[in-house]
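Subject: Handing over a structure, with notes

Dear colleague,

I am passing on the structure below, together with an account of what was found in it. Please have it open beside the text as you read.

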Amino acid sequence: MAKSQTTTDHTEGRVLAILDGRPCPSDDCDGDLERGTYKDNKAVVCEDCGTPQAQVWAPSS
């Protein structure tokens, strides 16, 4: 794995970790954000309304 790929993976993990557990920012929702997947990508999604707040995807090979 290239050094830049390792750095990117670490940064993506940190972004998702920062959002995990925060309240959903949608006005009509009382849920919390949790790590999961959205359209087969790593993401942080609201447990209540299912809205993704961040997602990361790997470039196609």
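In the hairpin of β2 and β3, five residues lie between the strands, and one residue there, Gly-50, takes a positive phi near 80 degrees. Please bear in mind throughout that this is a predicted model. The two strands that the hairpin connects, β2 and β3, run antiparallel and are joined by four bridges, and one of the facing pairs sets Lys-42 opposite Val-56 in β3.

The other hairpin, that of β1 and β2, has two residues between the strands, and here Lys-39 takes a positive phi near 50 degrees. β1 and β2 are likewise antiparallel, with six bridges joining β1 to β2, which spans residues 41-46. Several of the facing pairs can be named: Tyr-38 stands opposite Asn-41 in β2, Thr-37 has Lys-42 as its bridge partner in β2, and Arg-35 has Val-44 as its bridge partner in that strand. Lys-42 thus appears in two of the pairs given here, facing Thr-37 and also Val-56 in β3.

Taken together, the three strands form an open sheet in the order β1-β2-β3, with antiparallel pairing. β1 (33-38) and β3 (52-56) stand at the edges and have a single partner strand each, so that one side of each is left without a neighbour in the sheet. Direction ignored, neighbouring strands of this sheet are turned against each other by 25 degrees on average. As for cover, β2 is mostly shielded, since five of its six residues are buried.

One residue of β2 deserves a closer look. Asn-41 lies in this strand, and with a relative accessible area of 18% it is buried, because the cut-off for that term is under 20%. The side chain of Asn-41 makes a polar contact with the side chain of Gln-55, at 2.8 Å. If neighbours within four places in sequence are left aside, Asn-41 is in contact with Gly-36, Gln-55, Val-56 and Trp-57.

Which residues does Leu-19 contact, leaving aside its neighbours within four places in sequence? Leu-19 lies in helix α1, which covers residues 3-19, and its contacts of this kind are with Leu-33, Val-44 and Ala-54. The C-alpha atoms of Leu-19 and Asp-32 are separated by 9.5 Å, although the two residues are 13 apart along the chain.

The cysteines call for a careful reading. How many disulfides does a search of the whole structure find? The search returns zero. Cys-24 is in no disulfide, and the nearest cysteine sulfur to its own, that of Cys-46, is 3.7 Å away. Because a disulfide is taken here as a pair of cysteine sulfur atoms within 2.5 Å, that separation does not qualify. Cys-46 is also in no disulfide, and for this residue the nearest cysteine sulfur is that of Cys-29, 3.4 Å away. Both Cys-24 and Cys-46 are covered: Cys-24 is buried, with a relative accessible area of 8%, and Cys-46 counts as buried at 3% relative accessibility.

Finally, some values for the chain as a whole. The secondary structure of the protein chain comes to one helix and three strands, and from the N terminus on the elements run α-β-β-β. Of the 61 residues in the protein chain, 21% are buried. The chain exposes about 4600 Å², of which carbon and sulfur atoms supply 47%. Among contacts between residues at least 6 apart in sequence, 18% join residues at least 24 apart.

With best regards

Notes:
Residues are numbered from 1 along each chain as its sequence is written. This is a predicted model: local features need pLDDT of at least 70, side-chain atom pairs count only at pLDDT 80 or more; totals for chains, interfaces and linings use all residues. Side-chain values use heavy atoms; hydrogens and water are left out. Two strands pair if DSSP finds at least two bridges between them. Axes are lines fitted to C-alpha atoms, for helices over the stretch in contact, and angles run from 0 to 180 degrees between N-to-C directions. Buried means under 20% relative accessible area, exposed over 50%, partly exposed in between (1.4 Å probe, protein chains only). Contact means heavy atoms within 4.5 Å. Accessible areas come from the Shrake-Rupley method with a 1.4 Å probe; for residues, only the protein chains shown count as cover. A polar contact is a pair of N or O atoms within 3.5 Å; within protein, one must be able to donate a hydrogen and the other to accept it, and residues adjacent in sequence count only if both atoms are side-chain atoms.
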